[in-house]
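Thank you all for coming; I would like to take a few minutes to walk through a structure that may be new to you. Please have a look at it on the screen before I go on.

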Amino acid sequence: LGDVDGALLVVCLDADAPPSWNHRSQEVLHASAKTVGNRWFDKHQVIACGAGSVSLLFEHSFGDGAAWNRWLEAATADMKGEISLPRLPEVSSLGAGSGPKALPFEVPPALEPALATARREAEEMTRTCRTAILQYGGYGKQRIKQWKLSPDGLVQMAMQYAYARLHGRIAPTYESCAMLSFFHGRTEVIRSAHAPGAAMVAALLSSQEAVRPGYTPRSKGDKQAAIRAAVAHQGSVSKLSGQGLGVDRHFLALSKMAQREGVAPAMFGDEEFGYSKTWRLSTSNVSTPWNACFNFGPVTDHCYGIGYLIHEEGLVLNTTTWAASSEADAAAMRTSLQASLDELAAIFDP
């Protein structure tokens, strides 16, 4: 165990090739009943499948996506000869003691029933998460910029609209913000559910309302204006969070201080305050040209976890939900995201 714990990462070699992107995503995030015994979830894992594709699963407690991306981007560019990283000393040959060696685990018979139970429970856990990947080819970063909009801001507002199409409202939303400008900075929350976003959703949903006397549909110009206002506000919120002016990490620090001092401020027990940080959408953008898929799990009972990539000519949105949720449905969200992105294009294209 000490050897494994002291390693930088664990390499997992799977014999089979996942039959689809959904299956590949699931194999990387939580494995399957067949492969769960070939994982070590306390470590970073490099997972190679039988078809030769390689994926990475990061242990998140001590690191974040921005640092991982920087590492992988440099390694990928070096492999392609696009940059030249400092070279490690060459090793002319492997000595007798430097090759791979087996790590035999001696399991006392008394532990075997517990291990069998743990294996069954692990296999069952692999069935608790649902995944639905949308590989959207309608447009990407290039076309969104032609509309003079922030690509990330537009995708965030598309997710707000997609959620509202399913649930009739917007809901607490987490977008991860890297705090790399601060020493030991980790993350802050970009709260993507806000008043301009709600106004945008209302404008877009108005076209789906039942026609009634006196009803006047919103014009394309009105919808464009609402979307631009929402995306602009999203950019402002993102900038504030990146400057350390978000609210969630400050609230976290205050709550920890209150616990340490043995006090219980009424705010932390307020129902609306609790709802405001019960994320129904947990989202993160780690776009890189070499990455084909990115995902993570839902963070609350009825949450959609959406890891997304914004490429020049397309988008990849990977949605996860808990199978036991009575409200969140990954496949339904994928369908709603497709429809929402299509509608946004129809509004901005001539």
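His 184 is exposed, with a relative accessible area of 67%, and you will find this residue in the loop that runs between strand S5 (173-178) and strand S6 (187-191). Although His 184 is not a glycine, its phi is positive, at about 60 degrees. I should say here that we are looking at a predicted model, and that the values I quote are computed from it.

Now, let me turn to Ala 31, where phi is also positive, near 70 degrees, in a residue other than glycine. Is Ala 31 buried or exposed? Its relative accessible area is 2%, and because buried means under 20%, Ala 31 counts as buried. Ala 31 sits in the loop between helix H2 (21-29) and strand S2 (45-48).

At the start of the chain, Leu 1 lies in the segment before helix H1 (2-5), and because its relative accessibility is 67%, where exposed means over 50%, Leu 1 counts as exposed. Leu 1 belongs to a nonpolar patch on the surface, whose members also include Trp 40, Phe 105 and Leu 115, and which has about 670 Å² of accessible area together.

Finally, the protein as a whole: its secondary structure comes to 11 helices and nine strands, and its C-alpha trace spans about 85 × 55 × 40 Å along the principal axes. Of its 350 residues, 39% are buried, while the protein exposes about 19,700 Å², with carbon and sulfur atoms supplying 58% of that area.

Key. Residues are numbered from 1 along each chain as its sequence is written. This is a predicted model: local features need pLDDT of at least 70, side-chain atom pairs count only at pLDDT 80 or more; totals for chains, interfaces and linings use all residues. Side-chain values use heavy atoms; hydrogens and water are left out. Patches are made of residues with over 30% relative accessible area and no salt bridge: like charges are joined within 9 Å, nonpolar side chains (Val, Leu, Ile, Met, Phe, Trp, Tyr) within 5 Å. Accessible areas come from the Shrake-Rupley method with a 1.4 Å probe; for residues, only the protein chains shown count as cover. A salt bridge is a side-chain nitrogen of Lys or Arg within 4 Å of a carboxyl oxygen of Asp or Glu. Helices (H or I, at least four residues) and strands (E, at least two) are DSSP runs, numbered from the N terminus. Buried means under 20% relative accessible area, exposed over 50%, partly exposed in between (1.4 Å probe, protein chains only).
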